[in-house]
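Reader: I have a chain open on my screen and some questions about it. Can we walk through it?

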Amino acid sequence: LATLLVRPRGWHLDEAHVVVNNKVASGSLFDFGMYFYHNVHNLVKGGSAPYFYLPKLEHYHEARLWNDVFVASQKYMGVPQGTIRATILLETITAAFQMEEILYEIREHSIGLNCGRWDYLFSYIKKLREVQAGHDGTWVAHPALVGIARDVFDEHMKTKNQIGKVPTEGANITEEQLLEL
């Protein structure tokens, strides 16, 4: 079965209908908290975990904040540390230059990084190349594309993950090249 990754809103968005200490609540924390509180015990009982897809990070301090939220939430709900798993969505150039720091800050909960958003057409086209570049999975724009993507990954990825695969395409890109327009 496909794994559900919940995508909370970015840190910059509020939940206008909830006020805490006379301040509008964080949309990120509201989305995370509602899902985690209502699902963590059933997910763990069923052999799964709460998975999150964290967008809009620009700095490793934001990853540290997420880690602090995860640690406090797991303690509050009485589940082991590391139960929460998260993928960080890299969408900004500043985050691209802090990938290692971001991963370090969220290391106990990290699944990995995802390199940006793709539109529907590109999500369809790129399934013919991501598995060969060493990715362990992919994003699809619509549930109907899950089978197509799974077939390609099943054909080319014979192991549980490709952590040992050495990428060849793009392996020697410099910081200067990342900044070229």
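Author: One term to begin with: a residue counts as exposed when its relative accessible area is over 50%, and as buried when that area is under 20%, with partly exposed in between. Also note that this is a predicted model.

Reader: Fine. Which class does N21 fall into, then, exposed or buried?

Author: N21 counts as exposed, because its relative accessibility is 71%. N21 sits in the loop that links strand 1 (14-20) with strand 2 (23-26).

Reader: What is phi of N21 near?

Author: Phi of N21 is near 50 degrees, which is positive although the residue is not glycine. K56 also has a positive phi without being glycine, near 65 degrees.

Reader: Where is K56 found, and how exposed is it?

Author: K56 belongs to the loop between strand 3 and helix 2. Its relative accessibility is 30%, so K56 counts as partly exposed.

Reader: Back up a bit. How many helices and strands does the chain have?

Author: There are seven helices and five strands. Starting at the N terminus, the order is β-β-α-β-α-β-α-α-β-α-α-α.

Reader: And how much of the chain is buried?

Author: Buried residues account for 33% of the 181 in the chain. The accessible surface is about 11900 Å², with 57% of that on carbon and sulfur atoms.

Reader: What share of the contacts joins residues at least 24 apart in sequence?

Author: It is 61%, taken among contacts between residues at least 6 apart in sequence.

Reader: Now the core. How many residues are in the largest nonpolar one?

Author: The largest nonpolar core holds 22 residues, and F32, F36, F52, L54, W66 and F70 have the most contacts inside it. Two or more residues come from each of helix 1 (27-45), strand 3 (51-54), helix 2 (60-77) and strand 4 (85-89).

Reader: Is there a general tendency behind that sort of cluster?

Author: In soluble globular proteins, nonpolar side chains tend to be buried together.

Reader: Take F32. What is F32 in contact with, leaving aside neighbours within four places in sequence?

Author: With those neighbours left out, F32 contacts P8, F52, W66, V69, F70, S73 and I84.

Reader: Several of those sound like the other helix. At what angle do helix 1 and helix 2 cross?

Author: Their axes cross at roughly 35 degrees and come within 11 Å of each other. The crossing of helix 1 past helix 2 is right-handed. On the helix 1 side, the contact is made by S28, L29, F32, F36, Y37, V40 and H41, and on the helix 2 side by W66, V69, F70, S73, Q74 and M77.

Reader: How many nonpolar, polar and charged residues are in that contact?

Author: By class, nine are nonpolar, four are polar and none is charged.

Reader: Charged ones elsewhere, then. Is E105 buried or exposed?

Author: E105 counts as buried, because its relative accessibility is 11% and the cut-off for buried is under 20%. E105 lies in helix 4 (residues 99-105).

Reader: What does E105 touch, not counting residues up to four places away in sequence?

Author: E105 touches Y60, A63, R64 and N67.

Reader: Different topic: V18. Where is V18 found, and what is in contact with it?

Author: V18 is in strand 1. Beyond its neighbours within four places in sequence, V18 contacts K23, V24, A25 and F30. The C-alpha atoms of V18 and F30 are 8.5 Å apart, and the two residues are twelve apart along the chain. V18 counts as partly exposed, because its relative accessibility is 27%.

Reader: And towards the other end, where is L178?

Author: L178 is part of helix 7 (residues 175-179). At 44% relative accessibility, L178 counts as partly exposed. With neighbours within four places in sequence set aside, its contacts are I93, F97 and I173.

Reader: How far apart along the chain are L178 and F97?

Author: They are 81 residues apart along the chain, with 9.5 Å between their C-alpha atoms.

Reader: Last one. Where is R129?

Author: R129 is in the loop between helix 5 (120-125) and helix 6 (146-156). Its C-alpha atom is 9.8 Å from that of F153, 24 residues away along the chain. R129 counts as partly exposed, at 39% relative accessibility.

Notes:
Residues are numbered from 1 along each chain as its sequence is written. This is a predicted model: local features need pLDDT of at least 70, side-chain atom pairs count only at pLDDT 80 or more; totals for chains, interfaces and linings use all residues. Side-chain values use heavy atoms; hydrogens and water are left out. A nonpolar core is a set of buried Ala, Val, Leu, Ile, Met, Phe, Trp, Tyr and Cys residues joined through side-chain atoms within 4.5 Å. Buried means under 20% relative accessible area, exposed over 50%, partly exposed in between (1.4 Å probe, protein chains only). Helices (H or I, at least four residues) and strands (E, at least two) are DSSP runs, numbered from the N terminus. Contact means heavy atoms within 4.5 Å. Accessible areas come from the Shrake-Rupley method with a 1.4 Å probe; for residues, only the protein chains shown count as cover. Axes are lines fitted to C-alpha atoms, for helices over the stretch in contact, and angles run from 0 to 180 degrees between N-to-C directions. A crossing is left-handed if the near helix is turned anticlockwise from the far one by less than a right angle, and right-handed if clockwise. Ala, Val, Leu, Ile, Met, Phe, Trp, Tyr, Cys and Pro count as nonpolar, Asp, Glu, Lys and Arg as charged, and the others, Gly among them, as polar.
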